[in-house]
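Morning, everyone. I have one structure to walk through today. Please have it open in front of you.

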Amino acid sequence: MAHMNSGNGGTSYAKNSVQQKIGISKSLHILDETLKNMFTNGSFPTKCFRMADLGCSSGPNTLFVVSHIIEEIEELCKDVSEFEVFLNDLPENDFNNVFKLLPSFYEKLNYDHGKRIKYFVSGLPGTFYGRLLPSQTVNFVYSSNSLHWLSQTPEGLENNRDNIYMTTTSPPDVYKAYAKQYQRDFSTFLRSRGEEMLRDGRMVLTFIGRSVEDQYEKDDIANYKLLADTLLDMVAEGHVKEGDLHSFNVPLYRPCKQEVESVIQQEGSFSLDRIEDILVPRDSYVKHENVTNQDNEVSDEYKRGKEMANRIRAYIEPLLDSHFGSSIMDDLFRRFGMKLAEHLSREEPSFMRTIVVCLTKT
């Protein structure tokens, strides 16, 4: 599994997660309806509400949804007087950055000084592809932008040479290996949460997916093909070992809704309440205004390429760093940004598909 770039610098996840927040915001109405349904049906505690955010990462998005959930529950049920929140991610996650946000988080929640509600937030390091909490202790689980990451690189990718992901030039068994690993991982995730959650507890998951018609998402192919081409250039120049390139593949899988439904049904711990797609513009992270100057020239594509490279770097660099070494990272992403700029100048804006899944513990 991957962890995001730490800190608050220019290449950190904290500074390059605007697109993820847009996707989260577009799905909040589904989250609100799930919470309302949960409390309307009486499946809530009389005193302490326990929830977990799995794959919380670090930065401003970390507590954004947690705060929203708490505020919604306070409106729905006046009997809840305590909230226990578990923030989970891999041990390498920048939990210190998360904890620094807690004072302002508590201050915001306690703005109404008449409240007598207590909030308890703790870090929970470890992979969510396995047990994290005691049996039957959790009321609600949320996870955003995490479940498309696999627990490991699939086995059997030795013939995916000169590629670092699934592409149209990959042998058919490469796609099968990725799909098999996803099915195994998602089943493990559901089984683990099924043991930890109380009966009638709810779970809302959002992750990057694809349409059923297209095994290989066009923009994924473009991004990872360009990154692979950048590494190939560096191999040719002697900056990267060819063997290192051939042994690297990105442990990421974007399922379609049918695959998600199939694993949920086969695993059996949860009933599926709702599943739908949300489309987010892939260039929504771009901070510059798309305006023209007096000569009717479009905005700087190089700037867009650099910003997109930083966004991708924020989540892919730890994997690349551990495999190729930190010394090439700045040069790698400088070159990658230039290739992205050239690609963006030729392509029409596209959308990233986010799948939202609502589940009830049976």
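Let's start with a helix pair. Helix 6 and helix 9 are oblique to each other. That follows because their axes cross at roughly 45 degrees, and an angle between 35 and 65 degrees falls in the oblique class. Keep in mind throughout that this is a predicted model.

Where are these two helices? Helix 6 covers residues 172–196, helix 9 covers residues 257–267, and their axes come within 10 Å. The crossing of helix 6 past helix 9 is right-handed. Now the residues. From helix 6, the contact takes in Tyr 175, Ala 179, Tyr 182, Gln 183, Phe 186, Ser 187, Leu 190 and Arg 191. Helix 9 answers with Glu 259, Val 260, Val 263, Ile 264 and Glu 267. Sorted by class, that contact of helix 6 with helix 9 has eight nonpolar, two polar and three charged residues.

Second helix pair. Helix 2 is residues 28–40 and helix 3 is residues 64–76. Their axes also come within 10 Å, crossing at roughly 35 degrees. Helix 2 passes helix 3 with right-handed geometry. On the helix 2 side, the contact uses Leu 28, Leu 31, Asp 32, Leu 35, Lys 36 and Phe 39. On the helix 3 side, look for Phe 64, Val 65, His 68, Ile 69, Glu 72, Ile 73 and Leu 76. The class count for helix 2 with helix 3 is nine nonpolar, one polar and three charged residues.

On to the sheet. In what order do the seven strands run? The order is 3-2-1-4-5-7-6, in an open sheet with mixed pairing. Strand 3, at 118–125, and strand 6, at 270–281, are the edges. Each has a single partner strand, so one side of each lacks a neighbour in the sheet. On average, neighbouring strands here are turned by 15 degrees against each other, ignoring direction.

Take one pairing inside that sheet. Strand 5, residues 197–208, and strand 7, residues 351–361, pair antiparallel over seven bridges. To find the register, go to Leu 205: its bridge partner in strand 7 is Val 357.

Last stop, Gly 123. Gly 123 sits in strand 3, one of the edge strands. Its relative accessibility is 29%, so Gly 123 counts as partly exposed. Which residues does Gly 123 touch, beyond those up to four places away in sequence? Leu 87, Phe 95 and Phe 99. Phe 99 lies 24 residues from Gly 123 in sequence, with 8.4 Å between the C-alpha atoms.

That's my tour. Questions, please.

Methods:
Residues numbered from 1 in each chain as written. Predicted model: local features only at pLDDT ≥ 70, side-chain atom pairs only at ≥ 80, totals over all residues. Heavy atoms only, no water. Axes fitted to C-alpha atoms, helices over the stretch in contact; angles between N-to-C directions. Helix = DSSP H or I, 4+ residues; strand = E, 2+ residues; numbered from the N terminus. Parallel < 35°, antiparallel > 145°, perpendicular 65-115°, else oblique. Left-handed = near helix turned anticlockwise from the far one by under 90°. Contact = heavy atoms within 4.5 Å. Nonpolar A, V, L, I, M, F, W, Y, C, P; charged D, E, K, R; others polar. Pairing = 2+ DSSP bridges. Buried < 20%, exposed > 50% of the residue type's maximum accessible area, 1.4 Å probe, protein only.
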